[in-house]
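Work through the exercises below with the sequence and model open. Try each task before reading its solution.

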Amino acid sequence: MRLGMLADITLTTPELLQEVEAGDLDPGRRLAQDLDRTLSCGGRLWDAWARTHLTELLQRPATITDVLPETFQVRAYAPLVLPAPYRTSSYQAALDQVEHPMDSARLDSDSPHLPRLNTAGTGGAPFHCLVVNETALTRSSTEPEVMRAQLVHLHHLAQTVGISVHLIPTSTAFHPGLGGAFWTLSYSPSHTLAYVPHPRGQGQIINCVSQVKSYTDLFATLQGAALPVEESQQRLVELASRIRSTLTRALAK
């Protein structure tokens with residue numbers, strides 16, 4: 001296929017494709033997927049890009065802010081507190097106050113500042129799947145109004161195309177994963193990293209194949225223990241309504 005025709009189909013330029021073909025430019029995940037699909041490579045070109053991208057990325061110490069942009073699928077498990085991308089700004093501020101009561105948020109430079117997800121639709125952004133313990137949403141860590149707004153925001157996210165949320169009810173029997181939060185970050189069907197967030201600092205990026213597989217298997221187990229998407233959305237509505245009733249009773253006193 002002529003580069004001009006290929007550029008038209010993939011909405012890029014022949015000059016850029018020449019650099020990609022010569023190995024002088026990383027095309028990025030979206031273009032790699034487009035090229036793979038257009039050239040009928042059956043995923044081989046996409047996997048080749050992911051392998052090369054990760055090899056170069058991990059040659060230096062990488063943080064979550066370095067590895068997140070080119071993912072096509074992010075799975076996050078939260079046993080105690082919502083992951084940063086799912087938080088409202090008010091809920092984030094309340095958590096910062098609890099976690100770092102003596103620090104100024106403006107001086108907090110050791111933690112990753114990740115972009116928040118929004119309800120406008122993810123477009124070409126990666127697919128996000130969250131499994132969260134219900135106790136993380138019912139623990140009284142901030143003002144009721146802030147907590148209710150957070151639950152409403154999470155419910156909106158759960159209805160967005162490209163984002164799914166699963167709740168593990170408080171009544172669920174003991175299950176694996178209570179040791180801590182983790183994410184899995186997929187770049188192609190065959191290339192995935194794991195990420196373990198830390199209370200302070202950037203967290204740990206894991207690329208050992210066997211360890212990454214154990215995290216992906218664990219996430220599948222946790223997703224199986226959680227409520228389906230629709231039931232989780234209904235549960236979020238119930239939790240938010242419960243807080244509103246509590247506020248109403250308090251105002252009536």
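Helices here are DSSP runs of H or I with at least four residues, numbered from the N terminus. The model is predicted.

**Exercise 1.** Place L39 and decide whether this residue is buried, partly exposed or exposed.

*Solution.*
- Step 1: locate the residue. L39 sits in the loop that joins helix 3 (28–38) to helix 4 (44–57).
- Step 2: take the relative accessible area. For L39 the value is 39%.
- Step 3: apply the cut-offs. Buried means under 20% and exposed means over 50%, with partly exposed in between. L39 is therefore partly exposed.
- Step 4: look around it on the surface. L39 joins M1, M5, I9 and L45 in a nonpolar patch of about 440 Å².

**Exercise 2.** Work out the strand order of the sheet and find its edge strands.

*Solution.*
- Step 1: trace the order. Six strands run 3-2-1-4-5-6 in an open sheet with mixed pairing.
- Step 2: find the edges. Strand 3 (163–168) and strand 6 (204–206) each pair on one side only.
- Step 3: add the twist. Neighbouring strands are turned by 15° against each other on average, direction ignored.
- Step 4: add the helix. Helix 4 packs on the sheet and touches strand 4 and strand 5. Its direction makes about 125° with that of strand 4.

**Exercise 3.** Describe the setting of T184.

*Solution.*
- Step 1: T184 lies in strand 4 (residues 182–188).
- Step 2: strand 4 pairs antiparallel with strand 5 (residues 191–196) over five bridges. S188 has H191 in strand 5 as its bridge partner.
- Step 3: beyond its neighbours within four places in sequence, T184 contacts residues including Q73, R75, L193 and Y215.
- Step 4: the relative accessible area of T184 is 0%, so T184 is buried.

Notes:
Residues are numbered from 1 along each chain as its sequence is written. This is a predicted model: local features need pLDDT of at least 70, side-chain atom pairs count only at pLDDT 80 or more; totals for chains, interfaces and linings use all residues. Side-chain values use heavy atoms; hydrogens and water are left out. Helices (H or I, at least four residues) and strands (E, at least two) are DSSP runs, numbered from the N terminus. Buried means under 20% relative accessible area, exposed over 50%, partly exposed in between (1.4 Å probe, protein chains only). Contact means heavy atoms within 4.5 Å. Patches are made of residues with over 30% relative accessible area and no salt bridge: like charges are joined within 9 Å, nonpolar side chains (Val, Leu, Ile, Met, Phe, Trp, Tyr) within 5 Å. Accessible areas come from the Shrake-Rupley method with a 1.4 Å probe; for residues, only the protein chains shown count as cover. A salt bridge is a side-chain nitrogen of Lys or Arg within 4 Å of a carboxyl oxygen of Asp or Glu. Two strands pair if DSSP finds at least two bridges between them. Axes are lines fitted to C-alpha atoms, for helices over the stretch in contact, and angles run from 0 to 180 degrees between N-to-C directions.
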